Amino acid sequence: MSKLSFSRLKSTKDTGYGDNFSGRFINKDGLPNIRKKGVNILNRYSWYHTMLDLKRWEFIGLLVAIYIIVNLVFALVYYSIGIEHLTGIDKSDLVNEFTDVFFFSSQTFTTVGYGRIAPVGFLASLVATFEAFLGLLAFAIATGLFYGRFSRPRAFLSFSDNALISPYKDKTALMFRMAPFKNTSLTNASVTVLATFETIENGEPKSSFYNLKLELDSITSLILSWTIVHQIDESSPFYGLTEEDLDNTDVEIIVHVKAFDSVFSSDVFQRTSYTSDEIVYGAKFVKMYNPDRTNTVTVLNLDAINTFERLSLKS
């Protein structure tokens, strides 16, 4: 931790973050780096939000796993009641018996009911009735979650993995860039960037926040890449910092983006952050869009969003 002094600058107090935060404030995925305690797990999480925030493969995998586990549980229940209470079971061996019971459970859960196997007796019929009800409820919930995931407005922005200290107008500037990666239509986009430095005050570590002045903090239409530029001058907290200072200082750049999605007719938001080890000193981004061969369409090369080239900065 570097013993830097920012007495020439006025820090901001309205960030919502504490001044003795541990670790990074915002993770790369935009979620706050917070772990809550003092409340049981059932009340700690919004399961609806959790399911909506899962990655696609995690969401599908979780649904499949729940489906298999539920049917295995009910198959064991039917088996414990006795397979003699299920007609049409292949009793040639144990594997065939359990397989038939498992598939009877899945057919009951989905209310398909092919009819080859049927419950006999009160207890088996009661369990089958309850399972069918549970299946209807489960599919209603799954349908709502699928709709929520598809209908939720999202920015769908991709950020560069690194922020760069680059030459800019005979000086230097802090830069990072973003680009929409889906066929969305984002307008009236604006960005707010905070820099937090961990310093020593009265012998104790303290986080100080500074609003970074940007060359351009809003644009009318976000359809190509947008490089955010903070010129490093006397009013910048990065003024006078060398590459060694950055390596030895706990720095985090917190990014908040807001835009209007014309399809959803709603504002969308996205966040990310850059820490000291994600800031590259002495580099510039490579242009990521160009005309096509016919010179009639602009091609945005999203795979080049992280591409930069090294260069030396004037001292």
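Which residues does Met-178 touch, not counting residues up to four places away in sequence? In this predicted model, the list comprises Leu-157, Ser-158, Phe-159, Val-191, Leu-222, Leu-224, Ser-225, Trp-226, Ile-228, Val-257 and Ile-305. Met-178 also belongs to the largest nonpolar core, which holds 34 residues. Within that core, Met-178, Val-191, Phe-238 and Ile-253 touch the most other members. Eight strands each supply at least two residues of the core: strand 3, strand 4, strand 5, strand 6 (186-201), strand 8, strand 9 (226-232), strand 10 (251-261) and strand 11 (266-275). The largest share comes from strand 6, which contributes six residues. Another core lies apart from this one. That second core has 15 residues, among them Ala-75, Tyr-78, Ile-83 and Ile-89.

Helix packing was examined next. Two packed helices are described by the angle between their axes and the distance between the axes. Helix 3 (residues 56-81) packs against helix 4 (residues 94-109) at an angle of about 120°. Their axes are 8 Å apart. This angle makes helix 3 oblique to helix 4, and the crossing is right-handed. On the helix 3 side, the contacts are made by Tyr-67, Ile-68, Val-70, Asn-71, Leu-72, Phe-74, Ala-75, Leu-76, Tyr-78 and Tyr-79. They meet Leu-94, Glu-97, Phe-98, Val-101, Phe-102, Phe-104, Ser-105, Ser-106, Thr-108 and Phe-109 in helix 4. Ala-75 and Tyr-78, listed among the helix 3 contacts, are also members of the 15-residue core.

Tyr-67 lies in helix 3. Its relative accessibility is 29%, so Tyr-67 counts as partly exposed. Beyond residues up to four places away in sequence, Tyr-67 touches Ser-106, Phe-109 and Thr-110. Ser-106 and Phe-109 lie in helix 4. Tyr-67 and Asn-290 are 223 residues apart in sequence, and their C-alpha atoms are 48 Å apart in space.

Charged pairs were considered last. Side chains of opposite charge can pair when their charged atoms come close. The structure holds six salt bridges. One of them joins the side chains of Asp-53 and Arg-152, at 2.9 Å from N to O. Asp-53 lies in helix 2 (residues 47-53), whereas Arg-152 lies in the loop between helix 5 (122-151) and strand 3 (157-159), so the pair ties together parts that are 99 residues apart in sequence. Asp-53 is partly exposed, at 47% relative accessibility. Arg-152 is partly exposed too, with a relative accessible area of 26%.

The side chains of Glu-215 and Lys-169 form another salt bridge, with an N to O distance of 3.3 Å. Glu-215 sits in the loop between strand 7 (204-211) and strand 8 (218-222), and Lys-169 in the loop between strand 4 (163-168) and strand 5 (171-180), so this pair ties together parts that are 46 residues apart in sequence. Glu-215 counts as partly exposed at 38% relative accessibility. Lys-169 is exposed, with a relative accessible area of 55%.

Asp-267 and Lys-258 also meet through their side chains in a salt bridge, at 3.8 Å from N to O. Asp-267 has a relative accessible area of 35% and is partly exposed. Lys-258 is partly exposed, at 36%.

Notes:
Residues numbered from 1 in each chain as written. Predicted model: local features only at pLDDT ≥ 70, side-chain atom pairs only at ≥ 80, totals over all residues. Heavy atoms only, no water. Salt bridge = Lys/Arg side-chain N within 4 Å of Asp/Glu carboxyl O. Helix = DSSP H or I, 4+ residues; strand = E, 2+ residues; numbered from the N terminus. Buried < 20%, exposed > 50% of the residue type's maximum accessible area, 1.4 Å probe, protein only. Core = buried A, V, L, I, M, F, W, Y, C linked by side-chain atoms within 4.5 Å. Contact = heavy atoms within 4.5 Å. Axes fitted to C-alpha atoms, helices over the stretch in contact; angles between N-to-C directions. Parallel < 35°, antiparallel > 145°, perpendicular 65-115°, else oblique. Left-handed = near helix turned anticlockwise from the far one by under 90°.
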